[in-house]
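Biologist: Please pick one spot in this model and take a close look at it for me. Then work your way outward to whatever else deserves a look.

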Amino acid sequence: MTRECAVLLPGVCAALAHPRQPGLDDTCLEKLLDWFRSLTWFDPTVELVQDNPCLTELITSVLALPDPSPSILSFTLQLAGILASSESRFQHLQQEKLLGRLFGQEGPRGSAVWEDASVRSAWVKGVHSMVHHQPALLFLCSTGGMDVIFTLQGDPSLFVASAASQLLVHLLTFSLESETSKALGTKACDWPACAQMIVKHIQESLQSSSASHIEQSLKLLSSLFGSCFGSCYAAWTEVLWLDIAKQIESFLLEETVQAQPLLANLLLNVARSPVCCGTESSFWALVTSALEHLTPIQAGPLAVGLLKLCKCPQDVRIQALTVLLQPMDCILRAASQPLECAGLLDESVSDPGTVESLLSSKTTCAGLLCQTLAHLEKLLSLKHLRVDFPCVSLLLSLMTTLQFCNGFLSPASPLGSTISRNLINCSRVQKSALDVLAALSEEKDCDTLIGSLFDVLLAYLQSPNTSPTVLKKTFQATSKWLVRLQELSCSNSQWQQTEKILEDVFVVLQKRLCSPCWEVRDSSLEFLTAMVKCLRDQKEFRQCLLSSEVLRLTENLLEDPESYVRASAVTAVGHLALITCFAPESPVTGNQYNKESIVAKLQEILSTDSEGFPRRAVISIFTTWLREGCTGQLEDTEQFVSRVIQTVDRDLDWEVRLGGLELVEVFCSQTICQLSQCPYAPVSSAVTSSSPQNELLQVFCRAKLFGFLFGSLCDCDKPVGQRACDVLVGLRGHFYPMSTLENPQEIEDSPAGRGIAWLQRTLRQGSLAQNFPMDGGNGVDFQDPESMMLALGAIDLLELHDELNKSSDHVEESPQSLLQDILAAVGSIEDNEVDCY
């Protein structure tokens with residue numbers, strides 16, 4: 001603790017304990033507790049409370065208040081727990097007879113203030129902080145604290161109940177950890193007293209007739225096996241599991257037990273723990289039983305978790321996948337007469353009638369399918385799935401589901417008709433199915449169905465009933481499968497099929513680009529951009545694109561009334577220009593697609609559009625063009641960059657200015673590569689005056705880069721200043737090895753040197769100097785190569801870099817500032833809002 005804080009602390013403690021002190025912001029008290037946590041974390045000695053007696057005086061004063069406010073009492077409970085976290089400070093507070101009055105039977109837990117949930121929560125947090133040594137654990141057990149915690153597990157406040165459960169996990173792990181030097185028995189009855197109390201409580205609750213008690217214990221067990229207890233102490237974990245396994249098994253078989261949904265999470269956490277080290281463990285038999293007896297909705301999370309486990313036996317893994325595929329199997333079978341389709345699965349894990357019943361019900365059909373599809377998408381994203389995935393059948397099932405949803409399939413079976421009615425226009429299922437469909441594009445086994453798949457996708461793209469959100473997902477899936485289609489065409493010469501599909505896609509796209517719904521126009525432009533990025537090198541794609549009206553319609557949308565659409569149109573036009581304007585042999589001629597015309601339109605948007613989104617899109621596209629080498633020879637690029645940054649420098653949107661700095665960074669990197677022999681090595685002092693370096697500086701000065709960069713250092717938005725500083729530090733690293741930096745004192749006598757000294761002082765003011773003159777009025781010529789060489793070498797850019805990367809509130813967030821704020825707030829007669837940073 002600093003001397004300044006030690007001086008302020010007694011006043012703060014006295015103010016907090018004052019019976020008529022005005023209410024403090026709870027956040028302010030939390031910040032104060034955070035400070036004490038950091039103090040005690042680094043210093044476990046007793047000196048903190050001995051050197052600051054005001055802390056124990058605060059606790060004593062609050063306990064003496066006849067009617068303390070819940071917020072101050074809560075603060076005091078947590079503070080006492082934090083202070084008592086080390087054994088020496090615990091003993092000191094015990095000698096002062098304070099801990100019993102806070103956490104013991106004579107404390108607040110027997111008074112009216114205990115009715116306030118914040119007080120109960122603070123008591124639990126205080127105990128949690130305190131119990132990090134044996135004396136605290138013995139104190140808790142001897143004062144009836146364990147029974148209080150057991151009761152708080154079922155507290156009406158979810159925050160209190162959750163905190164109590166976490167505390168029990170901590171107490172059990174700590175009590176066992178503290179016995180590591182002793183040989184523990186193989187039964188829970190041989191464990192330390194505190195651990196025995198917790199295990200006995202769990203066993204009694206599991207055998208209770210109270211559903212809430214069973215639920216609390218199952219949640220506690222899940223936390224135990226999911227915590228460090230489960231991963232660090234294999235022997236003790238196994239002892240606990242053996243004590244409860246029979247009871248858990250009985251819950252699985254008793255359909256009336258309402259706690260079944262919690263069993264899946266418990267079993268999954270046990271599976272991750274060292275309990276089941278071998279594949280022959282009886283635990284896996286219980287998992288198999290759970291997959292059979294839990295409902296499909298309950299078993300789904302368990303199944304997907306098991307499939308991610310390396311140590312899960314292969315037969316259990318197959319069963320888990322079967323559980324996930326059952327609903328999709330049912331969909332496939334329901335779409336036709338019983339004998340026409342084999343479905344996905346040879347046999348089911350649980351009763352197929354259960355899945356059929358859930359899919360037949362309007363209330364459960366969509367929920368089951370969405371959960372199943374989410375799990376399947378997650379599994380498809382895994383690189384190594386240790387079980388064969390029936391991709392072709394799954395794809396067929398997904399297509400069937402999508403056809404059920406849009407009414408394009410007339411099922412022959414009664415079950416299929418029922419499911420179809422339940423799913424018609426169900427956007428939740430449509431979006432989930434399209435997500436899995438997109439994921440399947442990475443699988444190589446689905447190529448035989450690609451024609452039928454595009455029939456389904458095109459039906460969705462064409463249908464007026466497809467909602468904008470579903471249409472967006474359809475576009476995303478279509479773009480992925482178009483890439484797959486292109487790969488297939490290259491390998492097996494199926495050009496005609498590819499060309500026909502692309503023609504159909506462009507016909508639909510033309511229609512959607514004219515939609516009255518802005519979300520549809522926006523999604524259509526995003527889809528077009530995605531296609532251009534992936535397929536612009538493919539001849540069939542370019543032919544279909546250039547023979548359609550898509551280019552004209554996209555350019556028209558640069559003037560769309562909706563700013564999101566204008567931004568997407570800018571991005572699309574920018575990427576289309578890579579085909580129409582910047583290709584080595586541009587296939588498009590005429591003024592409409594002239595390179596200068598496109599550049600002029602985008603520059604106009606950058607300088608005049610009233611919304612930030614389109615302007616950000618323009619600067620992003622210009623940077624993309626620059627990276628792709630589309631802006632011509634060095635002289636053309638120099639003029640282009642200069643015009644852009646002069647426009648960007650006046651922009652009020654910080655993200656546009658940040659984009660301008662990215663453009664400058666790319667330009668600098670490319671110019672250095674073109675004009676330097678070794679672009680990645682620092683330039684030695686012997687060659688700093690050589691022709692390539694002079695030419696480099698002249699290019700940067702003509703493009704007016706330095707004025708933009710030094711001005712951005714003083715930007716009121718910190719990310720802009722940080723990025724500008726990064727670029728300047730990079731340039732200095734190129735022009736100056738560390739050993740040859742200029743000495744500011746040696747150059748300050750020259751006119752240029754005096755200007756550089758002014759610039760250094762101005763930059764230290766940061767955003768306060770954001771409007772500093774750029775015209776050389778202070779002796780700084782930002783377009784003079786010699787002056788800028790001096791500036792790069794003399795200005796302490798690393799110091800500026802450190803300042804810019806400091807948290808903006810590094811001063812205000814100091815403990816001293818916090819204590820001053822509290823004193824200012826409580827010293828006022830009127831209620832005050834505390835600015836607690």
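**A loop residue and beyond**

Modeller: Let's start at Asn425, which is exposed, since its relative accessible area is 51% and the cut-off for exposed is over 50%. Keep in mind that this is a predicted model. Asn425 sits in the loop between α23 and α24 (427-439). What caught my eye is its backbone: phi is near 60°, a positive value in a residue that isn't glycine. Most residues other than glycine have a negative phi.

Lys704 does the same sort of thing, with a positive phi of about 60° although it is not a glycine either. You'll find Lys704 in the loop between α36 (691-702) and α37 (705-712). At 35% relative accessibility, Lys704 counts as partly exposed. There's a glycine to add here too: Gly629, just after α33, takes a positive phi of about 75°.

Back to α23 (414-423), the helix before our loop: it is among the elements that cover the buried residues of α20. The others include α18 (296-307), α19 (314-334) and α21 (365-380). In α20 itself, residues 352-360, the buried ones are Val355, Leu358 and Leu359. Looking down the axis of α20, those buried residues fall within an arc of 95°, so they line one face of the helix.

Now α33, residues 612-628, the helix just ahead of Gly629. Twelve of its 17 residues are buried, so α33 is largely enclosed by the rest of the structure. Among those buried are Ile619, Ile621, Phe622 and Trp625, along with Arg615. The length of α33 checks out as well: at 1.5 Å a residue it should span 24 Å, and its end C-alpha atoms are 25 Å apart, which agrees. Arg616 is linked with Asp653 and Glu655 in a network of salt bridges.

That brings us to salt bridges, of which a search of the whole structure finds 21. One of them joins the side chains of Asp155 and Arg120, at 2.7 Å from N to O. This pair links distant parts of the chain, 35 residues apart: Asp155 is in the loop between α10 (145-152) and α11 (158-177), while Arg120 is in helix α8 (residues 117-130). Both Asp155 and Arg120 are buried.

Arg521 and Asp560 make another salt bridge, 2.8 Å from N to O. Since Arg521 lies in helix α28 (residues 518-535) and Asp560 in the loop between α30 (550-556) and α31 (563-580), the pair ties together parts that are 39 residues apart in sequence. Arg521 is buried, with a relative accessible area of 9%, and Asp560 counts as buried at 6%.

For a contrast in surroundings, try Glu549 and Arg552, whose side chains meet in a salt bridge at 2.6 Å, N to O. Glu549 is partly exposed at 38% relative accessibility, and Arg552 is partly exposed at 34%.

Last stop is a helix pair. The axes of α2 (residues 26-42) and α5 (residues 70-83) come within 10 Å and cross at roughly 10°. The two helices are therefore roughly parallel to each other. From α2, the contact residues include Leu29, Leu32, Leu33 and Phe36, and from α5 they include Phe75, Leu79, Ile82 and Leu83.

Definitions and conventions
Residues numbered from 1 in each chain as written. Predicted model: local features only at pLDDT ≥ 70, side-chain atom pairs only at ≥ 80, totals over all residues. Heavy atoms only, no water. Salt bridge = Lys/Arg side-chain N within 4 Å of Asp/Glu carboxyl O. Helix = DSSP H or I, 4+ residues; strand = E, 2+ residues; numbered from the N terminus. Buried < 20%, exposed > 50% of the residue type's maximum accessible area, 1.4 Å probe, protein only. Expected span 1.5 Å × (residues − 1). Arc of directions from axis to C-beta. Contact = heavy atoms within 4.5 Å. Axes fitted to C-alpha atoms, helices over the stretch in contact; angles between N-to-C directions. Parallel < 35°, antiparallel > 145°, perpendicular 65-115°, else oblique.
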